[in-house]
Amino acid sequence: MQISFYKYQGTGNDFIMIDDRGQEFDDSDLQLVSKICDRKFGIGADGLILIRNHTEFDFEMIYFNADGSQSMCGNGARCAVAFSAYLGIINEKTNFLAIDGAHDAILKDGLVELLMGNVAGIEVKGTDSFINTGSPHHIRFVEDVENYPVFDEGKKIRYDQMHSPAGTNVNFVEKLSEDEIFVRTYERGVEDETLSCGTGVTAAAIAFGRDQSVASIKIKTLGGQLSVKFKASVDGGFNEVWLIGPAEQVFAGKINL
Ligand SMILES: N[C@@H](CCC[C@H](N)C(=O)O)C(=O)O
């Protein structure tokens, strides 16, 4: 049996997208997910996304990391919005369901603007911080992030006992100016550095702009430019958190099942 797939990338975070409104893909077959995402034995991607029908939402996004584990994916969600528009499921605006709940999104000026979930607060861990933006993120500010050993240091923190048993994604952040940061991320579930991580840059932007009541932060990643806007709430949390950036279809093909 063959099924169609599309490949999308959002600032270099790449995803295999499957229109699964017919629910033909066996979402319990995690070995299949990781085989399809394998860069040598499969198509190769940081994650796989199924687009399914939902009675109360425009669509549901089912996201898997490359190893078959599940969490919220910000760049993947932006790509899922672009793919759903390509499929004709939505136009410029949408309200869809992901693992962490409902999300609004807008397609504007060639970019996807994604409303993230509200963020409860920041947990301070020594000089680092920890923020959950739908997925867990450890944030460390460093100098010269371009030359930082992201894989080795990221892996250590990802498996550190303080984040056990779930583990965490790890973001290394350099301040470039008053409103711009450069972020590199070690991703749980990919078990490597990715070129960009949407929930990660969102967490990094919040850690960076935490003292502002309304913030608009530009983010440089190895895969391109993103921006994050948010408002601080009186209870120490953050709301109206928007992740904004490009999402592009790069490939289409068939998978042999
Ligand atoms: N690349 C993603 C994050 C995907 C989930 C993460 N790897 C986890 O397991 O927590 C993004 O763009 O947010």
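**Figure 1. The two active-site cysteines in the predicted model.** In this predicted model, the focus is on C73 and C197, which an unreviewed UniProt entry lists under "active site". They are spread over 125 residues of sequence, yet they cluster in space. The largest C-alpha distance is 7.8 Å.

**Figure 2. Close-up of C73.** C73 sits in the loop between β4 (60–65) and α2. Is C73 buried or exposed? C73 is buried, because 30 other C-beta atoms lie within 10 Å and 20 are enough for that label. Set aside the neighbours within four places in sequence, and C73 is in contact with G47, Y63, G198 and T199.

**Figure 3. Close-up of C197.** C197 also belongs to a loop, the one between β13 (192–194) and α4. C197 has 36 other C-beta atoms within 10 Å, so C197 is buried. Which residues touch C197, leaving aside its neighbours within four places in sequence? They are N13, N75, N169, T185 and E187.

**Figure 4. Residues listed for binding.** Under "binding site", the unreviewed UniProt entry lists N13, N65, G74, N75, N169, E187, R188, G198 and T199. Some of these names have already appeared: G198 and T199 are among the contacts of C73. N13, N75, N169 and E187 are among the contacts of C197. Two of the listed residues, N75 and N169, get views of their own below.

**Figure 5. Close-up of N75.** N75 is part of helix α2. With 34 other C-beta atoms within 10 Å, N75 is buried. Neighbours within four places in sequence aside, N75 is in contact with G10, T11, N13, S196, C197 and G198. One of these partners, C197, is also listed by UniProt under "active site".

**Figure 6. Close-up of N169.** N169 lies in strand β11 (residues 169–177). N169 counts as buried because it has 26 C-beta neighbours inside 10 Å. Beyond its neighbours within four places in sequence, N169 is in contact with S135, P136, H137, T185, Y186, E187, R188, C197 and G200.

**Figure 7. The shell around the ligand.** How many residues are around the ligand? There are 19, and S71, N75, S135, G198 and T199 come nearest. The shell divides into three nonpolar, 14 polar and two charged residues. Helices α2 (74–86) and α4 (198–209) each supply at least two residues of this shell. Domain 1 and domain 2 each give at least three residues to it.

**Figure 8. Where the two domains touch.** Domain 1 covers 2–107 + 247–256, and domain 2 covers 123–245. Their C-alpha centres lie 23 Å apart. The contact takes 16 residues from domain 1 and 19 residues from domain 2. On the side of domain 1 that touches domain 2, α2 gives the most, with three residues. By class, that side has three nonpolar, nine polar and four charged residues.

**Figure 9. The whole protein, for context.** The protein has four helices and 17 strands. Its C-alpha atoms fill a box of roughly 50 × 35 × 30 Å along the principal axes. Why does the protein agree with a compact globule? With 257 residues, such a globule would have a radius of gyration near 18 Å, and the protein has 17 Å. Buried residues make up 44% of the 257 residues. Of the contacts with a separation of 6 or more, 63% join residues 24 or more positions apart.

Conventions:
Residues are numbered from 1 along each chain as its sequence is written. This is a predicted model: local features need pLDDT of at least 70, side-chain atom pairs count only at pLDDT 80 or more; totals for chains, interfaces and linings use all residues. A residue is near a molecule or strand if its C-beta atom, placed from the backbone, lies within 6 Å of it. Ala, Val, Leu, Ile, Met, Phe, Trp, Tyr, Cys and Pro count as nonpolar, Asp, Glu, Lys and Arg as charged, and the others, Gly among them, as polar. Domain bounds come from an automatic or database domain assignment. Two residues are in contact if their C-beta atoms, placed from the backbone, lie within 7 Å. The radius of gyration is taken over C-alpha atoms; the globule rule is 2.2 Å times the number of residues to the power 0.38. A residue is buried if 20 or more other C-beta atoms lie within 10 Å of its own, exposed if 12 or fewer, and partly exposed in between; C-beta atoms are placed from the backbone. UniProt positions are given in the numbering used here, feature names are shortened, and annotations may be inferred rather than shown by experiment.
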